[in-house]
Amino acid sequence: MTAPFSPLSRLSLNQETIKQWSLPALTEGCVKAGIGRVGLWRAPVQAYGVERTARLLADAGLTVTSLCRGGFFTALDPAERARALDDNRRAVDEAAALNTDTLVLVSGGLPPGSRDLHGARERVADALAELAPYAAERGVRLAIEPLHPMFASDRCVVSTLAQALDIAERFPAERVGVVVDTYHLWWDDRAPAEIARAGAGGRIHAFQLADWITPLPAGVLLGRGQLGDGCVDFRSFRSQVESAGYDGPIEVEIFNEALWARDGAEVLAEVAERYVQHACWEPCSKPKVKRS
């Protein structure tokens with residue numbers, strides 16, 4: 001007998017969206033809500049224990065869609081670069097232990113005093129040349145995430161999907177691909193063509209949703225909006241990635257202090273409802289998510 005269709009079947013809840021929850025609470029909440037996929041972050045996983053986390057999620061029947069984050073490859077100092085590569089190898093090992101095939105990479109910003117964006121991007125490619133074979137041996141793909149240009153100086157010199165693909169295409173697609181994140185790409189009129197390019201090469205390794213709202217908060221990092229609160233056309237992005245051949249998880253990743261201050265079960269129910277409302281094809285029945 002065929003299982004009934006669920007509009008939440010591809011939804012993955014990123015751990016940071018409900019940062020106030022512990023890993024056991026996240027696991028329990030997802031199981032109750034009928035959400036079978038989660039995206040994880042290294043710091044809380046390390047705090048709980050990598051192997052312990054893997055057992056917790058496996059016992060609950062949850063799939064880890066991605067681990068965030070590796071990267072920060074742009075340092076000029078050789079010793080600092082070596083430390084970054086060592087940390088990324090640990091990140092690969094953690095991803096493999098969690099049974100996820102996708103490690104998300106944030107490339108790193110400009111080193112202090114530098115204005116050389118091209119050189120920084122080349123150091124990202126150099127680091128991937130060392131890291132990609134190590135990751136491939138462990139069944140882990142590296143996914144370059146372009147971040148909005150406002151983060152170029154301090155966090156990520158890879159600002160567009162075109163720049164990410166220019167680096168990724170130096171390597172086999174099964175080793176290095178890209179993340180399509182609506183928060184970072186919604187503004188770029190070249191994004192549709194680059195999504196098609198990424199799909200043609202089999203390089204869309206992750207698809208993430210968050211809305212763009214203004215005014216941005218101080219520091220801007222925690223300015224991601226709940227789906228539907230801003231100006232991103234999520235159905236358009238979903239159409240583009242699916243037309244490009246992507247049929248994998250759709251991960252909601254929101255950094256927002258207002259959401260973190262609320263009851264986690266309430267936020268989870270709202271995420272599911274907004275996902276169906278703004279990122280599913282019509283007609284979709286609203287998910288029945290238990291509130292506790």
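What area does the protein chain expose, and what percentage of it do carbon and sulfur atoms supply? The exposed area is about 12,500 Å², and carbon and sulfur atoms supply 51% of it. The legends below refer to a predicted model.

**Figure 1. Overall fold of the protein chain, with 11 helices and 10 strands.** The radius of gyration is 18 Å, close to the 19 Å given by the globule rule for 292 residues, so the chain is as compact as a globular protein of that length. Along the principal axes, the C-alpha atoms fill a box of roughly 50 × 40 × 40 Å. Of the 292 residues, 55% count as buried. Among contacts between residues at least 6 apart in sequence, 80% join residues at least 24 apart. The chain carries 32 positive and 38 negative side chains, and the centres of these two sets lie 2 Å apart.

**Figure 2. Surroundings of E270 in helix α11, which spans residues 264–279.** The relative accessible area of E270 is 17%; this residue is buried because that value is under 20%. The side chains of E270 and Q226 are joined by a polar contact of 2.9 Å. Leaving out residues up to four places away in sequence, E270 touches Q226, L259 and R262. Helix α11 also contains A265, a buried residue with a relative accessible area of 10%. The C-alpha atom of A265 is separated by 34 Å from that of D154, a residue 111 positions away along the chain.

**Figure 3. Packing of helix α6, residues 161–168.** Of the 8 residues in helix α6, 6 are buried, so the helix is largely enclosed by the rest of the structure. These buried residues are L161, A162, A164, L165, I167 and A168. They pack against three helices and two strands: α5 (117–137), α7 (182–185) and α8 (191–200), together with β5 (141–144) and β6 (176–181).

**Figure 4. The loop between β9 (224–225) and α9 (234–243), with C231.** C231 counts as partly exposed, at 45% relative accessibility. Apart from its neighbours within four places in sequence, C231 is in contact with W186, D211 and W212. For C231 and W212, the separation is 19 residues in sequence and 5.9 Å in space, C-alpha to C-alpha.

**Figure 5. Two cis peptide bonds, C68 to R69 and T214 to P215.** Most peptide bonds are trans. The bond from C68 to R69 has omega near 5°, and R69 is found in strand β3, residues 63–71. For the bond that joins T214 and P215, omega is about 0°. P215 is located in the loop between β8 (211–212) and β9.

**Figure 6. Positive phi at F72 and N99.** Most residues other than glycine have a negative phi. F72, which is not a glycine, has phi near 55°. This residue lies in the loop between β3 and α4 (78–97) and counts as partly exposed at 30% relative accessibility. N99, also not a glycine, has a positive phi of about 60°. The place of N99 is in the loop between α4 and β4 (102–106). At 62% relative accessibility, N99 counts as exposed, because the value is over 50%.

Key. Residues numbered from 1 in each chain as written. Predicted model: local features only at pLDDT ≥ 70, side-chain atom pairs only at ≥ 80, totals over all residues. Heavy atoms only, no water. Helix = DSSP H or I, 4+ residues; strand = E, 2+ residues; numbered from the N terminus. Rg over C-alpha atoms; globule rule 2.2 N^0.38 Å. Buried < 20%, exposed > 50% of the residue type's maximum accessible area, 1.4 Å probe, protein only. Contact = heavy atoms within 4.5 Å. Areas by Shrake-Rupley, 256 points an atom, 1.4 Å probe, with all protein chains shown as cover. Lys, Arg positive; Asp, Glu negative; His and termini not counted. Charge placed at Lys NZ, Arg CZ, Asp CG, Glu CD. Polar contact = N/O pair within 3.5 Å; in protein donor to acceptor, adjacent residues only side chain to side chain.
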